[in-house]
Amino acid sequence: MFQELLSEIAIFNETNFVLVDIGASGEPHRIWQEIAPFSYYIGFDPDSRELNEENSWNFQKFTIVKKIVTDDSSSQVKFYLTSYPFCSSTLQPNENCQQYSFTETFDVERSVELPATRLDEVIRDLKVDGIDWLKLDSQGRDLDIFMSIDKSVRDGMLAIDVEPGIIAFYHGENTFDLVHKALIEEGFWLSSLNFQSFPRVMQSTRKALSSQFDQQHIERLAGSPTAAEARYFRTLEHLKLVDASLRDYVSLWAFALLDGKVGFALDIALHVADSYGTDPVGGILLDKTIELAKQYK
């Protein structure tokens, strides 16, 4: 249904969404599946243990870069491979991990030197004009990487997903409070927030009581927030400030609907209709969004 809606709007047949996935282990970002036929997917992950290199969702274009994205000019960086691949990072896990039930997933099996690149370099090499939606799951470096991107590229981003820890589980980690503050200052607003939760129980306690409880029992205990899964969209004020294009407004409208934020989509549609009165797309967006909004009774 969503794909049919986009197909009716000519602008989406003329240009791709550019979706960048830093920390691409597993499958691509689930929310992107519906816009895959309209999108160019660029995924980064140096750890091949859980990396899916097949374009199973039929993105219009699909590229995997087996390098670490870094915030400096290093061509190689140390990478800590943990027992659970999704916890591997350029940062070393710290003692806070031992306070929670997932301690063993952060166990470092070995460290390796892996090729690295800056995101700006890849964008230039691929001849991509900018990034529409950035997903950052860098295991502790989300803010460092975002702020290292050229400001002209940062200013053009419409959506960003991050997954910082509530407390630091790595040495030097960018925690949620720091990431949230910086993104708000950069002209984003928080669209959705979910928490990963795990039982807080020390590794030493689990070992001392191993005859009483196995790990499966421990995992069924009540959890506490350990990391945030947060989605941010650009504010209309920011788009006006950077003199965004009609294409950017329409793309942000599509992202808002994809995330179920119909109210924000109404804001965008009305602005487009008022500001681009000679272009029929404003009326189309407004009519479609009003129709969707009326379904909420």
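**Exercise 1.** Find the residue in β10 that stands opposite L193.

*Solution.* L193 stands opposite A230 in β10. Next, look at the strands: β9 and strand β10 (residues 224-234) run antiparallel and are joined by ten bridges. Strands here are DSSP runs of E with at least two residues, numbered from the N terminus, and two strands pair if DSSP finds at least two bridges between them.

A word on the model: it is predicted, with local features needing pLDDT of at least 70 and side-chain atom pairs counting only at pLDDT 80 or more, while totals for chains, interfaces and linings use all residues. Residues are numbered from 1 along each chain as its sequence is written, and side-chain values use heavy atoms, leaving out hydrogens and water.

**Exercise 2.** Work out which strands stand at the edges of the sheet, and why one side of each lacks a neighbour.

*Solution.* Start with the order: the open sheet of seven strands reads β3-β2-β1-β7-β8-β10-β9, with mixed pairing. β3 (61-65) and β9 each have a single partner strand, so one side of each has no neighbour in the sheet.

**Exercise 3.** Trace the neighbours of β8 and say whether its residues are buried or exposed.

*Solution.* First, four bridges join strand β7 (residues 133-136) to β8 in parallel, with L134 opposite I160. Then, β8 pairs with β10 in the antiparallel sense over four bridges; there, A159 has F233 as its bridge partner. Finally, A159 and D161 point one way from β8 (residues 159-162), I160 and V162 the other, and all are buried (under 20% relative accessible area, 1.4 Å probe, protein chains only).

Note on methods: Buried < 20%, exposed > 50% of the residue type's maximum accessible area, 1.4 Å probe, protein only.
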